[in-house]
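Open the model in your viewer and get your selection tool ready. We will walk from helix packing to the spaces inside the protein, one selection at a time.

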Amino acid sequence: MIPKIILGSGPDATRRTIGYLFGKGRANEHIDPHLVASWNGFAPDPGRSSHRDPKDAMAQLVAQLDQPVKMLGDKAPKDTVWHCPIRAAPEDPILTDAQWADIARRIVAAAGIAPDGDKEGCRWVAVRHADDHIHIAATLVRQDGRRPERGYDQRAVQREAREVEVDYGLRRLKQGDGTGAKRPTSKEHFKAKRLGQDAATRDVLRLRVRRAVAAASDEAEFLALLEATGVTVRLKLGPSGDALGCNFALPDDTNDRGEPVFYAGSTLAPDLSLPKIRKSLATTSPEPIAVRPGDPWHQATAAAERIPHHLINSSDPTGQGQLVALGTTLDILSITAPAAVRTELEQAALTFERATRSRIAADLDSTRVLRRSVQAILRERPVDGDGSGFTMLLDTALTAVAFAMHWHRTHQHAQQEAAAEQALVHLQIAYGQIAEPVLANLAQRTPSIQIKQRFARRLQQTAPDHAERILNDPAWDALTTVLAEAEAAGHNAASVLDQALGQRSLDDAHNPARALTWRIRRLGQRHTPSPRAQAAKTRSAAQGHGATVLPTTVAPLQPRSPSHRR
């Protein structure tokens with residue numbers, strides 16, 4: 001349940017508000033407008049006055065609401081109207097008028113407009129003109145001539161709304177921190193429907209601007225990408241002629257004069273103001289770091305694998321910066337995804353967008369390699385014949401999102417944690433659809449039983465705590481295939497396996513063989529080390545693990561708790 005407070009000023013503020021609430025709406029969306037509650041229980045109802053002209057009833061209602069304000073004359077406050085729409089979630093049950101009346105009384109009491117038992121409180125009415133919401137309109141002078149004590153009323157009504165959700169069995173929203181994107185208004189929703197758009201203009205613009213930020217390497221390219229996607233840009237220029245702000249519009253979304261309706265970037269999302277866009281683009285500009293030539297899939301995967309480490313060990317600003325880069329990665333993945341999983345990945349990116357912002361200022365310095373690598377994927381569209389490159393990166397992103405969920409939980413970011421959890425569901429669905437064919441194709445090329453036994457012995461020697469899980473993992477055959485291919489390419493299979501095991505712990509891996517498969521696939525496709533380097537690695541591994549080969553069976557491991565990870 002979402003309450004929103006709007007203040008009105010001017011001599012006709014009450015008349016304008018009541019006229020809108022009992023009118024047809026800007027898109028004829030108001031259905032059967034009528035009172036469900038009022039300050040005295042018997043206020044005139046323009047919507048249910050069959051015995052009199054509704055205009056007369058409306059005028060009488062406006063006069064009664066305005067009476068305490070008029071009595072103050074010149075001493076009346078500047079803002080005289082308190083308007084609070086309250087909307088239920090689409091999946092919530094349809095509430096009765098009596099239930100909405102109870103909710104309205106609780107909201108005005110929580111806000112300090114009309115405290116319980118206070119007969120001298122402000123005058124107010126609750127109007128219903130749709131199944132899923134009501135509007136509360138009050139005048140901001142109490143009947144005893146004093147001002148209402150409504151300090152921090154926005155927070156107060158939000159707290160009360162959370163209690164209403166529990167009491168009425170409604171969808172329970174998470175407590176926010178003020179960094180969420182602004183939701184489209186009812187007017188914007190109805191306008192989108194009238195224009196035949198699948199989403200409100202605000203949401204369309206936010207998605208296109210975010211994707212342009214993710215894909216661009218500088219400001220000029222950012223503006224060019226927006227133009228290519230049909231977004232009209234209007235820069236706000238300072239006295240020096242420099243751009244200070246950025247407004248965005250869709251050509252088909254116009255006002256009554258036929259002019260495009262522009263939205264400031266900061267009203268689309270807090271991180272889409274021009275200064276913050278420039279800060280983000282600075283991490284993808286050519287200087288001061290360059291990504292070394294190589295496979296962009298491998299480079300992006302290697303960089304994304306560092307996200308959990310940063311979230312666990314680095315400062316909060318660095319962790320927040322990693323989440324920004326992870327959101328960029330999901331944006332790019334949703335653009336480059338195969339058609340079969342594109343919808344799921346688009347939903348994952350859209351949902352995770354909320355998890356990329358918090359009150360913690362993001363330090364983006366550690367994100368440069370990841371952001372440039374995923375941009376290289378978008379620009380170069382590198383060959384990914386069997387889909388393993390995409391699957392590797394998706395697998396790594398899935399793990400990173402699970403860590404992001406935990407990070408937000410420890411920081412008590414309820415909305416962001418919920419967003420990461422929802423994104424995880426979409427990623428798991430997409431991963432299941434795209435990974436199974438790739439793994440099945442690898443498993444068909446599994447090496448001989450003798451080679452598999454050799455790999456198993458090395459695994460038991462190197463990682464005895466995980467060996468049984470890996471050997472019993474359905475992806476074991478695929479893992480042996482990539483090990484054999486690495487060996488055929490000139491690598492030392494034992495060294496590659498040791499290196500893959502040492503990259504990061506498998507404690508959080510739900511499918512450890514899958515995790516190792518992607519790591520070894522990436523390592524195996526690197527340049528083959530020289531014979532001298534291979535010999536050095538072999539001697540180092542022998543010294544580290546000893547020369548004894550462990551038996552082919554190991555003691556059963558203790559069961560682990562379920563994980564969201566692979």
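Is the crossing of H15 and H21 left-handed or right-handed? Keep that in mind while you set up the view; note too that this is a predicted model.

**Stop 1: H15 and H21**

Select residues 388-410 for helix H15 and residues 512-524 for helix H21. Their axes come within 10 Å and cross at roughly 125°. That angle makes H15 oblique to H21, since angles over 145 degrees would be needed for roughly antiparallel and 65 to 115 for roughly perpendicular. As for the opening question, the crossing of H15 and H21 is left-handed.

Now show side chains at the contact. On the H15 side, pick Ser388, Thr391, Met392 and Asp395; on the H21 side, pick Ala515, Trp518, Arg521 and Arg522. Coloured by class, the residues of this contact come out as three nonpolar, two polar and three charged.

**Stop 2: H10 against H15**

Keep H15 on screen and add helix H10, residues 296-304. The axes of H10 and H15 come within 9 Å, with a crossing of roughly 10°. H10 and H15 are therefore roughly parallel to each other, as angles under 35 degrees count that way.

For the contact, highlight Trp297, His298, Ala300, Thr301 and Ala304 in H10. Their partners in H15 are Gly389, Phe390, Met392, Leu393 and Thr396. Which classes will your colouring show in the contact of H10 with H15? You should find six nonpolar and four polar residues, and no charged ones. Met392 is worth a label, as it belongs to the H15 contact with H21 and also to the H15 contact with H10.

**Stop 3: H17 and H20**

Clear the view and select residues 449-462, helix H17, together with residues 493-503, helix H20. Here the axes lie 10 Å apart and the packing angle is about 40°. H17 and H20 are therefore oblique to each other, and their crossing is right-handed.

In H17, the contact residues are Phe455, Arg458, Leu459 and Thr462. Across from them, H20 supplies Ala493, Ala494, Leu497, Asp498 and Leu501. The tally for this contact is six nonpolar, one polar and two charged residues.

**Stop 4: the second largest cavity**

Next, turn to the enclosed spaces. How many cavities of 30 Å³ or more are there? The count comes to two, and the second largest has a volume of about 30 Å³.

To find this cavity, select its lining: Thr14, Thr17, Leu65, Val81, Ala137, Ala138 and Thr139. Helix H1 (13-21) and strand S6 (133-142) are the elements that give two or more residues to the lining. S6 contributes the largest share, three residues. By class, you are looking at four nonpolar and three polar residues, with no charged ones.

**Stop 5: the second largest pocket**

Finish at an open space: the second largest pocket, with a volume of about 540 Å³. Its lining takes in 25 residues. Centre your view on Asp271, Lys276, Val324, Thr356 and Arg357, which lie nearest the pocket's centre.

Then bring in the cartoon for helix H6 (201-215), helix H9 (274-281) and helix H12 (316-336), the elements that give two or more residues to this lining. Which classes line the second largest pocket? Colouring by class gives 10 nonpolar, seven polar and eight charged residues.

Note on methods. Residues are numbered from 1 along each chain as its sequence is written. This is a predicted model: local features need pLDDT of at least 70, side-chain atom pairs count only at pLDDT 80 or more; totals for chains, interfaces and linings use all residues. Side-chain values use heavy atoms; hydrogens and water are left out. Axes are lines fitted to C-alpha atoms, for helices over the stretch in contact, and angles run from 0 to 180 degrees between N-to-C directions. Helices (H or I, at least four residues) and strands (E, at least two) are DSSP runs, numbered from the N terminus. A crossing is left-handed if the near helix is turned anticlockwise from the far one by less than a right angle, and right-handed if clockwise. Contact means heavy atoms within 4.5 Å. Ala, Val, Leu, Ile, Met, Phe, Trp, Tyr, Cys and Pro count as nonpolar, Asp, Glu, Lys and Arg as charged, and the others, Gly among them, as polar. On a 1 Å grid over the protein atoms alone, a cavity is a set of points where a 1.4 Å probe fits but cannot get out, and a pocket is an open set with protein on both sides within 12 Å along at least five of seven lines; lining residues have an atom within 4 Å of a point. Grid points are joined across faces, edges and corners, and a volume is the space filled by probe spheres set on the points.
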